[in-house]
Amino acid sequence: MARPSRRSGNLPAEATSFIGRRRELADVRKKLSAARLVSLVGPGGVGKTRLAIRFATELGRGFRDGTWLVELADIRDPELVSSAVMSALDLRDQAAAEPLPLLLTYLQDKQLLLLVDNCEHLIAAAAQLIAEVVRAAPGVRVIATSREPLSVDGEHVIPVPPLELPPPQQAEPLSRLGQNEAVRLFIERAAAASGSFELTESNRSAVVDVCRRLDGLPLAIELAAVRTRVLTVEQIRDRLNDRFGLLTGGGQAALPRHQTLRTTFEWSHELLNASERTLLRRLCVFAGRFTLEDAQSVCMSDAVPAAQSLDSLSSLVDKSLVLKEDVRSVACYRLHETMREFARLKLGEAGEEEATEERATEYYRAKYLQAVGESRYRLAEWLEGVELEIDNIRAVLGRCLSRGDSLRGLDLATAVGWYWITRATTEGARWLDELVACGPGTPGAQFWAHFLRGFLAVLKADAVAAPPAIERALVQARELAQPEFLSQALSMASIAANLAGDHAAAVRLLDEAAIVTSALDDRPAQISVLQARALNGFFGGDIEAVKAAASEGVRLSREADDLYSLEMMLLNRGGAALFWVISSTRRRITWRHSELRTASMTGWHSMPFSTRWAAWQQDLASHALRRGCLARPKRSERRPGLV
């Protein structure tokens, strides 16, 4: 279930200096020493995430199994909270159980710190999961950030206020004023932006006014400070005062903090040129990370020509309105969650929401349909790309469901099938079930939806769900008169029949699959027949058939550079040895090390499935022995050195 090499955590490096918060850091340290769940609660833009990451970074070495950040800001579906935690921990949902039980089993003996960020929009699901983790894993401590408490047993809430404000009077020495948290943040971010900003007697009043007007909210102060590239601090103060004066009738009445942040966004927005405004509001269509290519394809139009895209995006990054991060040597961008909410409002005001979402849907559908033929043969590289964009893919699938667009939804869901197979079987099955129930797709997508649903059920050893899904795929393949489709469906149907205990049907389906495939020059279909033949041998007690099918499968997989199939065939060969040992001794076994070492070398992406597949083979061995399918080998046939 886990990748072969374990990291000690996934906390991001701090790109800028951390300022202040000594009181809050001390509170978190004190609370977490006595409690196992601490929630940092405060409004958007107040710095909850940064505070949590700083604390986790300082204490990370105290946790044997590391410190792990779970980012929920880009997740919209409560059903995916468990999957998000598993993904953050480098785990994969590929077993015959739901993600939450798998997660709890993994965590029960771990000593780690879990940082669950941005819980507010999924408060019920996040609270339930965290409560389950705290109950099941005594060595796990949790820090949650949210705009409201989780309200679960054992939760200790620490309010996160804005930064300490400077006093309004000028009696304080300049050196002491410079140590104020809000002022320090403004000075450091302004110096980074302009390269030469300093606090002086002449600008101290303006700096104090800006920090107080922005209510000490770190995000708002940073947005204002970056403007020192082109404006003096006095100009920044005056423009902010003009904007706030419109909302308070010209008086000095304080605004609610959420309104302070919205007003700061509005002010920053007004300073953008037309192309930058258009791009910013359209970027909210991305639920997670995006690349320059993504932005060009989805957000560009006559108002934002593609030739200006890099300049406009760079300008938004320079103004701290868009965040840039390098992921696996790829320049990626994203919006702060609060900024995304603001951009969504602007997109609605411009009347562009439907058109922008339509472009995003078509872009991701076309992008992954185009890569279908290659994804199997460059799986590691392809999976890395999907992992970067999975939140955007989920958002598109969700919109397709809400709008009844099963046609394009099924196209996209089946096009990323290898992600569901190798990363998220439970989630993939749910998307396919909901989209199929939503309406029909193209004939090809309809077939692959049923086939893939059955495949995922087989991977989860779900003998109830697999046969009917594959049967629907068989019907579709026969109606389409597509022998390539029919071959794949027959092979998978044979596996599903064995899983359901109908060995006679499995043999019949396998024989038909072999006949259909013999007339095809289709390497995936040939490998599928061999996989079905190997598993048929497992269930039928014919280990020689397993070894023969697996050996031929290894040869064909290597020729095709099909790493996924290569691993399956290597595991089949190892499984044959395992079955032999179980049937001859029923004692603790030692695997054939060379074959399993070769399997592990097929790539990091395959190892999570290896672990689960090997466990399933052990289950099949026990099942087959109980049914009497595996005869004990004669004493003369027993091979030494395997026990």
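Helices, here runs of at least four residues in DSSP state H or I, and strands are numbered from the N terminus. On this basis, R21 is placed in the segment before α1 (22–34). The model described here is a predicted one. Phi of R21 is near 70 degrees, a positive value in a residue that is not glycine. With a relative accessible area of 3%, R21 is buried. A positive phi is also found at D90, about 65 degrees, and D90 is likewise not a glycine. The site of D90 is the loop between α3 and α4 (99–107), and the relative accessible area of D90 is 4%, which places this residue among the buried ones.

The protein chain as a whole contains 30 helices and seven strands. Of its 643 residues, 56% are buried. The area exposed by the chain is about 26,800 Å², of which carbon and sulfur atoms supply 51%. Where contacts join residues at least 6 apart in sequence, 75% of them connect residues at least 24 apart.

In soluble globular proteins, nonpolar side chains tend to be buried together. In the present model, the largest nonpolar core comprises 151 residues, and those with the most contacts inside it are L40, F186, L283, V322, Y368, W382 and W420. Helix α22 (residues 443–459) contributes the largest share of this core, with 10 residues. Another core, of 37 residues, lies apart from it and includes L72, A88, A131 and V134. The surroundings of L283 illustrate the packing of the 151-residue core. When neighbours within four places in sequence are set aside, L283 is in contact with F290, A295, C299, L313, L316, V322 and L335.

Two of these partners, L313 and L316, belong to helix α14 (residues 309–318), where they are buried together with S309, S312 and S315. The buried residues lie on the same side of α14, because they cover an arc of only 155 degrees around the axis. The elements against which they pack are α12 (274–282), α13 (292–299) and β7 (330–334). After α14 comes S320, which has a positive phi, near 65 degrees.

A further buried site occurs in helix α11 (residues 257–270), which contains H269. The relative accessibility of H269 is 10%, and the residue therefore counts as buried, the limit being under 20%. Residues up to four places away in sequence not being counted, H269 touches R277, L280, F342 and K346. Helix α11 also holds R262 and E266, which are four residues apart and so separated by about one helical turn. The side chains of R262 and E266 meet in a salt bridge with an N to O distance of 2.9 Å. Within this pair, R262 is partly exposed, with a relative accessible area of 25%, whereas E266 is buried at 13%.

The structure holds 54 salt bridges. One of them joins the side chains of E337 and R76, at 3.2 Å from N to O. This pair links distant parts of the chain, 261 residues apart: E337 lies in helix α15 (residues 337–349), and R76 in the loop between β2 (67–71) and α3 (81–88). The relative accessible area of E337 is 10%, and E337 is buried; that of R76 is 45%, and R76 is partly exposed.

A second link between distant parts of the chain is provided by R408 and E358, whose side chains meet in a salt bridge of 2.7 Å, N to O. R408 is located in helix α19 (residues 406–415) and E358 in helix α16 (residues 353–370), with their positions 50 residues apart in the numbering. Here R408 is buried, with a relative accessible area of 14%, and E358 is partly exposed, with 35%. Both residues take part in a network of salt bridges that also links E362, R365, D405 and D411.

Key:
Residues are numbered from 1 along each chain as its sequence is written. This is a predicted model: local features need pLDDT of at least 70, side-chain atom pairs count only at pLDDT 80 or more; totals for chains, interfaces and linings use all residues. Side-chain values use heavy atoms; hydrogens and water are left out. Buried means under 20% relative accessible area, exposed over 50%, partly exposed in between (1.4 Å probe, protein chains only). Helices (H or I, at least four residues) and strands (E, at least two) are DSSP runs, numbered from the N terminus. The arc is that of the directions from the helix axis to the C-beta atoms. Contact means heavy atoms within 4.5 Å. A salt bridge is a side-chain nitrogen of Lys or Arg within 4 Å of a carboxyl oxygen of Asp or Glu. Accessible areas come from the Shrake-Rupley method with a 1.4 Å probe; for residues, only the protein chains shown count as cover. A nonpolar core is a set of buried Ala, Val, Leu, Ile, Met, Phe, Trp, Tyr and Cys residues joined through side-chain atoms within 4.5 Å.
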